[in-house]
Amino acid sequence: MSIDSSKIWGDEVNVLVTGASSPLGEMVVQRLLKDSRVGMILAVCDKGEPLTIPPNNRLETVTQDLRRQRGLHDLLFGRARDLHIEVVVHTSQEMKTSRTGAATHALNVDAVRSILDFSERHPTIKRLVMRSCVEVYQVQRDLPALISEEHPLNMNEGAPQWVRDRVEADVTACTRMGLASFDVLVLRMAEILAPGTGSQMYDYLQNKICFRPIGFDPMLNFLSLHDAASALYRAVFAKKQGVFNIPGADSLPLSQVISHWNCRSIPLPEYQISLYYRLRQTFLGGQFRYGMNRRRFHYSGILDGRRAGNVLRYIPSCPIVWPDE
């Protein structure tokens, strides 16, 4: 059962934001600071990434490695309880596809499970808003190009850990909806085309020459940092819990994406593309993985954002600023 926020929070709501030192986390914190309905904000920064927002008497900053369960427990039942935190906005994820293994899984998945478990016993937390992503969905020829929240998830065991972890974290949060004593909102966001967000396409576009499969020009959708932060901000005050697709304002073919980025598009046979990007990864250290993006380079996949529009009142309003504009 969804909790009526107006009966719990009163005039102000206190919010904890994880991943606060990332580009997305910082923008969420800035958006919350502008709202007089928000009291205190506890910004949890990832280790080694300080917050660049100027000091504010409503903002408190801490550094915490979310992979360490004891440290996370002490944070939630220590400072977060003292500040009467009612909403947790969880944005922290491992952004680099090159990082794998148990430590990466601990950040991407175990931290989500711990936050859910601790929130169940927490005296003040009433809502968890979690960032998920479009990559959790399956994209293939025989599935709809317009992706609703009921669309099949990518449960392929052979998928890279970057994808598997995101699917597991998403499903872990979804299984608590309606069972937990607090609201759970999972926001499945379109790809944020900006540095520091884990965007595969942003890394792909860093080369002046971009290779794509011959005969295919799928439609892609992109989200700006501004709209991504707006969706998370709106979820803090939502009346209902659930899963919500968060599309961006830009939907365009892959060839136009490349052109708008002032890059040259060259169609090639798929085996040549795969070989080139494996070599690029090996010798230049790029994060783009063609194998992980193969299906979206063949088949269109656009998020249906009607549910987010109806419940969160979220409508994408800030398009991507393309380099050629």
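**Exercise 1.** Find which residue of S5 is the bridge partner of Val89, and then trace how the chain crosses from S4 to S5.

*Solution.* In this predicted model, Val89 has Val129 in S5 as its bridge partner. The chain leaves S4, passes through helix H5 (residues 102-121) and arrives at S5, forming a β-α-β crossover that is right-handed. Turning to the pairing itself, S4 and strand S5 (residues 127-133) run parallel and are joined by four bridges. With strand S1 (residues 13-18), S4 also pairs in the parallel sense, here over three bridges, and Leu16 has Val88 in S4 as its bridge partner.

**Exercise 2.** Decide whether the faces of strand S4 (residues 87-90) are covered or open.

*Solution.* Begin with the general pattern, that side chains in a regular strand alternate between the two faces of the sheet. On one side of S4 lie Val87 and Val89, on the other Val88 and His90, and all of these are buried, so that both faces are covered.

**Exercise 3.** Check whether the length of helix H8 (residues 225-236) agrees or disagrees with the expected span, and state how many of its residues are buried.

*Solution.* Because each residue counts for 1.5 Å, the 12 residues of H8 should span 16 Å, and the end C-alpha atoms, which lie 17 Å apart, agree with this. As for burial, 10 of the 12 residues in H8 are buried, among them Leu225, Leu232 and Tyr233.

**Exercise 4.** Work out which strands form the edges of the open sheet S8-S10-S12.

*Solution.* This sheet has three strands with mixed pairing, and its edge strands are S8 (191-192) and S12 (250-253), each of which pairs on one side only. Strand S10 (residues 219-223) pairs with S12 in the antiparallel sense over four bridges, and Leu220 stands opposite Leu252 in S12.

Key. Residues numbered from 1 in each chain as written. Predicted model: local features only at pLDDT ≥ 70, side-chain atom pairs only at ≥ 80, totals over all residues. Heavy atoms only, no water. Helix = DSSP H or I, 4+ residues; strand = E, 2+ residues; numbered from the N terminus. Expected span 1.5 Å × (residues − 1). Buried < 20%, exposed > 50% of the residue type's maximum accessible area, 1.4 Å probe, protein only. Pairing = 2+ DSSP bridges. Right-handed = clockwise from strand over helix to strand, strands pointing away.
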